[in-house]
Amino acid sequence: VAADFSRGTTAIVVLACQRPEYLTQTMESLLKLPGVEQYHVIISQDGTDVAVKALAETLTQKYKFVQYVNNDMRQNHADKRDQASMHYIADHYKFVFTHVFERASPAFKHAILIEEDMVLSPDFLALFEATAPVLDADPSLYCVSSWNDNGYVHMELAPSKLFRSGFFPGLGWMLRRDLWVDELRGKWPMHSWDHWMRVDAQAKGRDCVVPELSRNHNIGAKGATVSINDFRQRLQSIAFNQDPSTDFGDLSYLHIQQYEGALRKELAEATPALNTQQMITLGGKTYRMGYVREEWKRIATSLGIYPSQWPRAAFHRVTRLKRDTNVILLYDRRLSDLAPDPILPPASFAPSAAPQGSSCVAHCQSIGKRCDNSWFDFVNSCEQLGKAFSCAPHGCGYEVGEDIPVYVSDKSHPTFGTCLITDAIPHCEAKHRSTSRLCPCG
């Protein structure tokens with residue numbers, strides 16, 4: 001793929017709703033960035049907040065390169081109750097992509113997405129300008145993000161260092177037009193769009209380029225999907241760059257073969273650690289430690305990173321951190337193809353599609369096998385679901401539930417024909433009257 005990034009063919013879209021006090025700070029940080037006037041800046045509002053609209057219209061009058069649009073594809077999701085906000089946000093992103101990649105004439109080739117609660121680093125645009133040629137030339141990448149989920153203030157973070165992450169970060173990111181037109185627009189989800197982007201049916205084994213030191217600071221202490229406690233625990237302590245003169249240098253180390261080879265070598269030469277305390281007390285070494293997903297929250301908490309269901313900012317299920325002069329390599333023993341000591345399912349293991357409404361305990365017993373909760377990691381993917389079910393007509397998506405992975409087999413259900421994976425930890429005993437489970441029987 002030829003590199004075709006330019007400022008004039010790139011849209012910077014600020015997604016806004018009803019927080020004018022945050023939008024003011026976001027726009028102030030954006031509009032003082034060097035070269036921003038050569039981009040097309042679009043403030044896209046979802047909803048009818050008067051103060052947000054007034055601010056946007058004031059900025060369009062002051063700056064010729066700033067436009068204002070309002071989401072005309074917004075659906076009514078009042079019936080979704082506490083889930084409504086996730087539906088509105090997904091609608092808004094769909095509108096933004098449709099606007100910049102389809103309605104605009106000529107259509108933009110790249111888009112940088114910012115939300116209304118981000119204060120940007122002075123080299124925010126420089127990050128995307130440096131990495132766009134890499135994104136354009138490498139089919140094993142599908143985005144560039146300015147946000148490191150593990151980039152906390154107590155970590156050692158090199159301002160010029162970038163890495164590859166198989167976990168979609170969002171939060172100030174760039175994509176190419178062809179990703180939307182060729183892949184995403186025909187199957188965009190109704191809700192939870194960011195989780196959906198991480199599903200293997202969308203990611204397809206590709207990565208995002210991410211800086212060790214984030215290039216935006218989230219100020220959204222109040223928001224549609226983030227509580228004040230979540231903000232304080234996960235977002236407030238993320239470090240961000242404030243130096244305007246970063247030189248990102250030669251980025252050839254991001255090429256997939258070179259990057260994977262270097263990580264394999266680092267894993268092979270690392271000292272095996274018995275516990276997390278060892279990795280943060282004995283300085284100047286590279287440590288590695290394998291884990292299974294049931295252990296992840298405890299490990300993450302002990303290292304001071306967000307204890308999400310799935311490790312974030314990981315490449316091939318290997319999370320690389322640097323703390324107290326140590327390099328820390330954490331790898332999933334079941335799912336990482338780079339694991340030095342992988343855990344494999346037993347020889348008798350085989351994924352098996354259960355009848356609608358059946359638990360995996362009952363189904364595996366019916367075929368002379370048993371279900372083990374620890375085996376769900378081997379079947380919780382769109383790839384495995386696609387081998388057992390048609391996943392038609394709605395493809396493969398994301399949901400939370402102990403009965404997942406599943407195929408929605410009930411024809412009367414609104415999501416009939418959808419395959420679903422989860423970041424929750426499934427259980428053999430769970431079941432749902434509208435779904436057929438994919439069971440790990442062995």
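Visitor: Leaving aside neighbours within four places in sequence, which residues is Arg164 in contact with?
Guide: Keep in mind that this is a predicted model. Arg164 sits in strand S7, residues 162-165. Leaving out neighbours within four places in sequence, its contacts are Asp138, Ser140, Leu141, Asp207, Cys208, Leu254, His255, Ile256, Tyr259, Ala314 and Phe315.

Visitor: Is Arg164 buried or exposed, and at what relative accessibility?
Guide: Buried here means under 20% relative accessible area. Arg164 falls under that cut-off, so it counts as buried, with a relative accessibility of 1%.

Visitor: Which side chain does the side chain of Arg164 join in a polar contact of 3.0 Å?
Guide: Look among the residues that Arg164 touches, which include Asp138 and Asp207. The 3.0 Å polar contact runs side chain to side chain, and the partner of Arg164 is Asp207.

Visitor: How many Å apart in space are Arg164 and Ala314, C-alpha to C-alpha?
Guide: Along the chain, 150 residues separate the two. Even so, Ala314 is on the contact list of Arg164. From C-alpha to C-alpha, the distance is 7.7 Å.

Visitor: Which residue in S14 is the bridge partner of Ala314?
Guide: Strand S13 covers residues 314-315, and 2 bridges join it to strand S14, residues 318-323, in antiparallel fashion. Across in S14, Ala314 is bridged to Thr319.

Visitor: Which residue takes a positive phi in the hairpin of S14 and S15?
Guide: S14 pairs antiparallel with strand S15, residues 326-332, over 6 bridges. One bridge couples Arg323 to Asn326 in S15. The hairpin has 2 residues between the strands, and the one with a positive phi near 55° is Asp324.

Visitor: And in the hairpin of S13 and S14, which residue takes a positive phi?
Guide: That hairpin also has 2 residues between its strands. The phi value is near 50°, and the residue is His316.

Visitor: Which are the edge strands of the open sheet of 5 strands?
Guide: The strand order is S11-S12-S15-S14-S13, with mixed pairing. An edge strand pairs on one side only, and that goes for strand S11 (271-272) and S13.

Visitor: Which parts does the pair of Phe97 and Trp188 tie together, and how many residues apart in sequence are they?
Guide: A search of the whole structure turns up 20 aromatic pairs. Phe97 and Trp188 make an edge-to-face one, 5.5 Å centre to centre with 80° between the planes. Phe97 belongs to helix H3 (residues 84-103) and Trp188 to the loop between helix H5 (177-184) and helix H6 (193-198), so the pair ties together parts whose separation in sequence is 91 residues. Phe97 and Trp188 are both buried, and ring pairs link them into a cluster that also has Tyr93, Phe101, Tyr142, Phe168, Trp173, Trp180, Trp193 and Trp196.

Visitor: Which residues touch the most other members of the largest nonpolar core?
Guide: In soluble globular proteins, nonpolar side chains tend to be buried together. The largest core here has 109 residues. Trp173 gives a flavour of it, with contacts including Phe97, Ile112, Leu113, Phe128 and Met197. The members touching the most others are Leu30, Leu113, Trp173, Trp188 and Leu330.

Visitor: Over the face of which residue does Arg293 lie?
Guide: A charged end over a ring turns up with Arg74, which sits 4.0 Å from the ring centre of Tyr88. Arg293 lies 3.8 Å from the ring centre of its own partner, which is Trp310.

Visitor: What is the relative accessibility of Thr10?
Guide: Thr10 is in strand S1, residues 10-16. Among its contacts beyond four places in sequence are Phe5, Tyr39, His40 and Phe108. Thr10 counts as buried, because its relative accessibility is 0%.

Visitor: The backbone nitrogen of which residue lies 3.1 Å from a polar atom of the side chain of Ser359?
Guide: Ser359 lies in the loop between strand S16 (350-353) and helix H12 (360-366), and is buried at 12% relative accessible area. Its side chain reaches the backbone nitrogen of Val361 at 3.4 Å. The backbone nitrogen at 3.1 Å is that of Ala362.

Visitor: Not counting residues up to four places away in sequence, which residues does Ser359 touch?
Guide: Val361 is within four places of Ser359, so this count leaves it out. What remains is Cys428, Glu429, Ala430 and Lys431.

Methods:
Residues are numbered from 1 along each chain as its sequence is written. This is a predicted model: local features need pLDDT of at least 70, side-chain atom pairs count only at pLDDT 80 or more; totals for chains, interfaces and linings use all residues. Side-chain values use heavy atoms; hydrogens and water are left out. Helices (H or I, at least four residues) and strands (E, at least two) are DSSP runs, numbered from the N terminus. Buried means under 20% relative accessible area, exposed over 50%, partly exposed in between (1.4 Å probe, protein chains only). A polar contact is a pair of N or O atoms within 3.5 Å; within protein, one must be able to donate a hydrogen and the other to accept it, and residues adjacent in sequence count only if both atoms are side-chain atoms. Contact means heavy atoms within 4.5 Å. Rings of Phe, Tyr and Trp (its six-membered ring) pair if their centres lie within 6.5 Å; planes under 30 degrees apart count as stacked, over 60 as edge-to-face and the rest as tilted. A charge sits over a ring if NZ of Lys or CZ of Arg is within 6 Å of the ring centre and within 35 degrees of the ring normal. A nonpolar core is a set of buried Ala, Val, Leu, Ile, Met, Phe, Trp, Tyr and Cys residues joined through side-chain atoms within 4.5 Å. Two strands pair if DSSP finds at least two bridges between them.
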